[in-house]
Amino acid sequence: MDPHAPGLADVIRYVPSDPAAPRAVLTFDDGPNPPDTLTLLDLLAREGVPAVFCLVGEQVEAHPDVVRRIVADGHVLANHSYRHDDLEDWEPDAVRADLQRTLDAIHAVVPDAPVPFFRAPYGHWGRTIPVAADLGMQALDMQLVVGDWDPPGVDELVRRLGGVEPGGVILLHDGGGDRSQTVEAVARVIPTMRAAGWTFSVPLAAVDDRTGGADPDTL
């Protein structure tokens with residue numbers, strides 16, 4: 001990640017969190033991707049946990065019903081580019097065209113759903129942050145990268161998830177391959193973290209946009 005990327009100081013890596021009652025944010029990249037996204041949605045619904053889904057435009061077009069389910073279940077959307085290209089060296093006009101194409105794909109499926117966030121593929125922000133801001137999206141980074149794109153086994157994923165800090169945004173994947181290990185790890189971690197006093201949230205900008213400032217845990 002380029003520490004000098006324009007606007008990088010404004011990215012969201014944490015949400016407000018009381019150390020005595022810490023919060024975490026679950027985010028899922030590269031989908032929608034059935035069946036793993038659907039299994040994950042069932043899990044999140046059972047547990048009453050909100051999440052941010054960072055959608056790839058091509059996947060949105062391939063699986064519109066899954067996008068509708070994500071929105072219907074009350075989760076928050078992020079733009080994750082149209083094809084998951086590395087945008088680091090792209091000129092602003094090219095970035096704008098790609099992000100707008102992705103927004104158009106999302107809104108063709110869920111016309112009224114806000115898309116308050118953008119996450120750069122590979123975490124390579126380049127010139128994307130001010131372009132995303134001009135399109136009404138905040139840059140959503142991460143505090144914890146779990147590294148589930150090469151599935152290391154559920155036990156290892158659970159161990160890595162233990163690295164979350166209070167208020168931390170966690171990067172996981174529901175797309176880009178078989179993500180059944182990720183789903184199983186999340187199923188194990190949610191009750192464990194809750195027993196230790198954690199709650200789950202989404203960034204407040206999204207909550208304000210969708211609910212007028214409601215508590216994020218009620219989403």
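In this predicted model, helices α1 and α3 run roughly parallel to each other, because the angle between them is about 15 degrees and angles under 35 degrees count as roughly parallel. Helix α1 spans residues 36-47, and helix α3 spans residues 64-72. Their axes lie 11 Å apart. The crossing of the two helices is left-handed. On the α1 side, the contact is made by T37, L38, L41 and D42. The partners in α3 are V66, R69 and I70. By class, four residues of this contact are nonpolar, one is polar and two are charged.

Helix α1 also packs against helix α7, which covers residues 180-195. The axes of α1 and α7 come within 9 Å and cross at roughly 10 degrees. This angle therefore makes α1 roughly parallel to α7. From α1, the residues D36, T39, L40, L43, L44 and E47 take part. They meet S180, V183, V186, A187, I190, P191 and R194 of α7. Eight nonpolar, two polar and three charged residues make up the contact of α1 with α7.

The loop between β1 and α1 holds two cis peptide bonds' prolines, P32 and P35. Strand β1 covers residues 23-31. The bond that joins G31 and P32 is cis, with an omega of about 5 degrees. The bond from P34 to P35 is likewise cis, and its omega is near 5 degrees.

Strand β1 itself contains D29. This residue has a relative accessible area of 2%, so D29 is buried. The cut-off for a buried residue is under 20%. Residues up to four places away in sequence are not counted among the contacts of D29. With these set aside, D29 touches C54, H80 and R119. D29 also touches L171, L172, H173, D174 and G175.

A second loop, between β3 and α4, contains S81 and H84. Strand β3 runs over residues 76-79, and helix α4 over residues 92-109. S81 has a phi near 80 degrees, a positive value in a residue other than glycine. H84 also has a positive phi, of about 65 degrees, although H84 is not a glycine. S81 counts as buried because its relative accessibility is 0%. H84 has a relative accessibility of 18%, so H84 counts as buried too.

Across the protein chain there are eight helices and eight strands. The protein chain has 219 residues, and buried residues make up 51% of them. The accessible surface of the chain comes to about 9,200 Å². Carbon and sulfur atoms account for 50% of that surface. Contacts were also sorted by separation in sequence. Among contacts between residues at least 6 apart in sequence, 75% join residues at least 24 apart.

Note on methods
Residues numbered from 1 in each chain as written. Predicted model: local features only at pLDDT ≥ 70, side-chain atom pairs only at ≥ 80, totals over all residues. Heavy atoms only, no water. Axes fitted to C-alpha atoms, helices over the stretch in contact; angles between N-to-C directions. Helix = DSSP H or I, 4+ residues; strand = E, 2+ residues; numbered from the N terminus. Parallel < 35°, antiparallel > 145°, perpendicular 65-115°, else oblique. Left-handed = near helix turned anticlockwise from the far one by under 90°. Contact = heavy atoms within 4.5 Å. Nonpolar A, V, L, I, M, F, W, Y, C, P; charged D, E, K, R; others polar. Buried < 20%, exposed > 50% of the residue type's maximum accessible area, 1.4 Å probe, protein only. Areas by Shrake-Rupley, 256 points an atom, 1.4 Å probe, with all protein chains shown as cover.
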